[in-house]
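Here is a run of "how do you know" and "what makes" questions, with answers that put each value next to its cut-off. Have the structure open while you read.

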Amino acid sequence: MRGMIYEFRQYTLHPGVREEFVRLFERHFVESQEEAGISLVGIFTDLDRPDAFVWMRAFPDMEARRVALEEFYLRGAAWREHRDAANGMMIDSDDVLLLRLDGVPVVPGGAGPVEAVVAPAAVEPGGAAVVFEGEHSVNTFPRLPVREGEDVRLWLGRGLSAPPEALQHLRLLPTSRSPIR
């Protein structure tokens, strides 16, 4: 939805634990985040990086983000019970972009991989996609770092072509619990 704040999160996991991480995430962190007021947008594995896990979540605004993240991370039973297992499988969880929709939201249709292109804001890749632009608000939950000061766009869809200026071109496979399939 327009006006929402989105987080595009890319995790680097220890070699060989991705399937276990996906099971843990889907079993314990989907409903518990939703109960805390967090909307999960997509949950993916990266087809080109076997130790990467990518996901998106959304919040009505930055203040709602702060409240929901405090509820999930500081007071939530699921995170308290499973955080050591989750953190133990991660090498890095700080590759996070804050975004807003840039245009009309459209969920990528069809089956198979979803692609994400992260590029400078001036670049326009081809293909049908939902387009997000960088959100430059102050991080209201500093316990979770975000990439700051980057003027980027993220295209999420199918059949995207990444221009040479792209910072990243990801081929993502939705997991069994991903809202985007």
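Q: Which residue in β3 is the bridge partner of Ile43?
A: Trp55 is the bridge partner of Ile43 in this predicted model. Ile43 belongs to strand β2, which covers residues 39-46.

Q: What makes β2 and β3 a pair, and in which sense do they run, parallel or antiparallel?
A: Two strands count as a pair once there are at least two bridges between them. β2 and β3 have six bridges and run antiparallel, so they qualify as a pair. Another link between them has Ala58 of β3 as the bridge partner of Ser39. β2 and β3 also form a hairpin, with five residues between them.

Q: How many bridges does β2 make with β8?
A: Three, again in the antiparallel sense. The cut-off is at least two bridges, so this counts as pairing. One spot to look at is Asp46, which stands opposite Leu172 in β8.

Q: Where do these strands sit in the overall fold, and in what order do the strands close into a barrel?
A: The order is β1-β3-β2-β8-β5-β7-β6-β4, eight strands with antiparallel pairing. On average, neighbouring strands are turned by 35° against each other, ignoring direction. Elsewhere in the barrel, eight bridges join β1 to β3, where Ile5 has Phe59 as its bridge partner. β5 (residues 114-120) and β7 (residues 152-161) run antiparallel and are joined by six bridges, and Ala116 has Leu156 of β7 as its bridge partner.

Q: Why is Gly42 called buried?
A: The cut-off for buried is under 20% relative accessible area. Gly42 comes out at 0%, so it is buried. Gly42 is found in β2, a strand with seven of its eight residues buried. Apart from neighbours within four places in sequence, Gly42 is in contact with Val54, Trp55, Met56, Ser178 and Pro179.

Q: Is Pro174 buried or exposed, and what makes it so?
A: Pro174 is buried: its relative accessibility is 12%, and anything under 20% counts as buried. Pro174 has its place in strand β8 (residues 168-174). Setting aside residues up to four places away in sequence, Pro174 touches Ile43, Phe44, Gly112, Val114, Ile180 and Arg181.

Q: What makes β3 a mostly covered strand?
A: The count does: eight of its eight residues are buried. Ala52, Val54, Met56 and Ala58 point one way, while Phe53, Trp55, Arg57 and Phe59 point the other way. In a regular strand the side chains alternate between the two faces of the sheet. Helix α3 (residues 62-75) lies across β1, β3 and β4, running at about 125° to β3.

Q: Why are α1 and α4 called roughly antiparallel?
A: Helix α1 (residues 18-28) and helix α4 (residues 77-89) pack at about 165°, with axes 10 Å apart. Angles over 145 degrees count as roughly antiparallel, and therefore so do these two helices. Their crossing is left-handed. In the contact, Glu20, Phe21, Leu24 and His28 of α1 meet Ala78, His82, Ala85, Ala86 and Met89 of α4. By class, that contact has six nonpolar, two polar and one charged residues.

Q: Which residues of α1 are buried?
A: Arg18, Phe21, Val22, Leu24, Phe25 and Glu26. The buried residues of α1 pack against β1, α2, β2, β3, α4 and β4.

Q: What makes α3 and α4 oblique to each other?
A: Their axes cross at roughly 55° and come within 5 Å. An angle under 35 degrees would be roughly parallel, and 65 to 115 would be roughly perpendicular. The value of roughly 55° falls in neither range, nor over 145, so the pair is oblique. Here Phe72, Tyr73, Leu74 and Arg75 of α3 meet Ala77, Trp79 and Arg80 of α4. That contact divides into five nonpolar, no polar and two charged residues.

Methods:
Residues numbered from 1 in each chain as written. Predicted model: local features only at pLDDT ≥ 70, side-chain atom pairs only at ≥ 80, totals over all residues. Heavy atoms only, no water. Helix = DSSP H or I, 4+ residues; strand = E, 2+ residues; numbered from the N terminus. Axes fitted to C-alpha atoms, helices over the stretch in contact; angles between N-to-C directions. Contact = heavy atoms within 4.5 Å. Buried < 20%, exposed > 50% of the residue type's maximum accessible area, 1.4 Å probe, protein only. Left-handed = near helix turned anticlockwise from the far one by under 90°. Nonpolar A, V, L, I, M, F, W, Y, C, P; charged D, E, K, R; others polar.
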